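Here is a brief report on one protein chain. It starts with the overall fold, then turns to charged pairs, a surface patch and a record annotation.

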Amino acid sequence: MADTSDTRTPAQIEADIKRRREVLAETLDEIGVRVHPQTIIGDAKAKVVANVDHTIGRAYVQVNRVVSEVRARFVDEEGALRMERVVPVALVAVGVVGLLAMGSRRRKG
């Protein structure tokens with residue numbers, strides 16, 4: 001059989017009850033804040049912003065890597081343009097722009 005004797009004084013028991021009530025009240029306040037609609041909306045917004053920031057950061061790194069790779073193809077170690085690579089790309093770009101310009105003139109006329 002369990003020992004049910006309590007050696008605490010009534011004042012100690014009252015103090016324990018008071019302390020437990022305060023802890024419970026604090027816990028209930030915290031629960032109330034957590035389930036409040038504004039708190040839930042704020043948490044959801046914070047998660048979305050964190051995900052967007054992470055995605056933008058990854059995209060920035062990827063774009064930076066691509067730019068570095070393209071730059072390495074068209075610029076040598078001293079920073080001078082590699083004309084053997086720049087000239088063909090420039091000619092293709094001029095040709096594409098010329099074809100687009102001629103195509104738009106034909107549609108208008």
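From the N terminus on, the elements of the chain run α-α-α. The radius of gyration is 36 Å, well over the 13 Å that the globule rule gives for 109 residues, so the chain is more spread out than a compact globule. This is a predicted model. The secondary structure comes to 3 helices and 0 strands.

**Overall dimensions and surface**

Along the principal axes, the C-alpha atoms fill a box of roughly 100 × 45 × 30 Å. Of the 109 residues, 2% count as buried. The chain exposes about 10,200 Å². Carbon and sulfur atoms supply 63% of that area.

**Salt bridges**

The structure holds 4 salt bridges. The table gives three pairs, among them two within helix α1.

| Pair | Closest N to O distance |
|---|---|
| Arg 19 and Asp 16 | 2.2 Å |
| Arg 34 and Glu 30 | 2.6 Å |
| Glu 77 and Arg 82 | 3.9 Å |

Arg 19 and Asp 16 are 3 residues apart in helix α1, which means that about one helical turn separates them. Arg 19 is partly exposed, with a relative accessible area of 47%.

Arg 34 and Glu 30 are 4 residues apart in helix α1, so they too are separated by about one helical turn. Arg 34 counts as exposed at 56% relative accessibility. Its partner Glu 30 is partly exposed, at 40%.

Glu 77 meets Arg 82 through their side chains. At 72% relative accessibility, Glu 77 counts as exposed. Salt bridges that share partners also build a network: Arg 8, Asp 16 and Arg 19 are joined into one.

**A nonpolar patch**

Which residues form a nonpolar patch on the surface? They are Leu 28, Ile 31, Val 35 and Ile 40. Together they have about 390 Å² of accessible area. Val 35 lies in the loop between α1 (10-34) and α2 (37-74). Val 35 counts as exposed because its relative accessible area is 55%, and the cut-off for exposed is over 50%.

**The annotated segment**

The UniProt annotation "transmembrane region", from an unreviewed entry, covers residues 86-103. In the model, that span is 100% helix and 0% strand. The end C-alpha atoms of residues 86-103 lie 26 Å apart.

Methods
Residues numbered from 1 in each chain as written. Predicted model: local features only at pLDDT ≥ 70, side-chain atom pairs only at ≥ 80, totals over all residues. Heavy atoms only, no water. Patch = residues over 30% accessible without salt bridge, like charges linked within 9 Å, V, L, I, M, F, W, Y side chains within 5 Å. Areas by Shrake-Rupley, 256 points an atom, 1.4 Å probe, with all protein chains shown as cover. Buried < 20%, exposed > 50% of the residue type's maximum accessible area, 1.4 Å probe, protein only. UniProt positions renumbered as here; feature names shortened; annotations may be inferred. Rg over C-alpha atoms; globule rule 2.2 N^0.38 Å.
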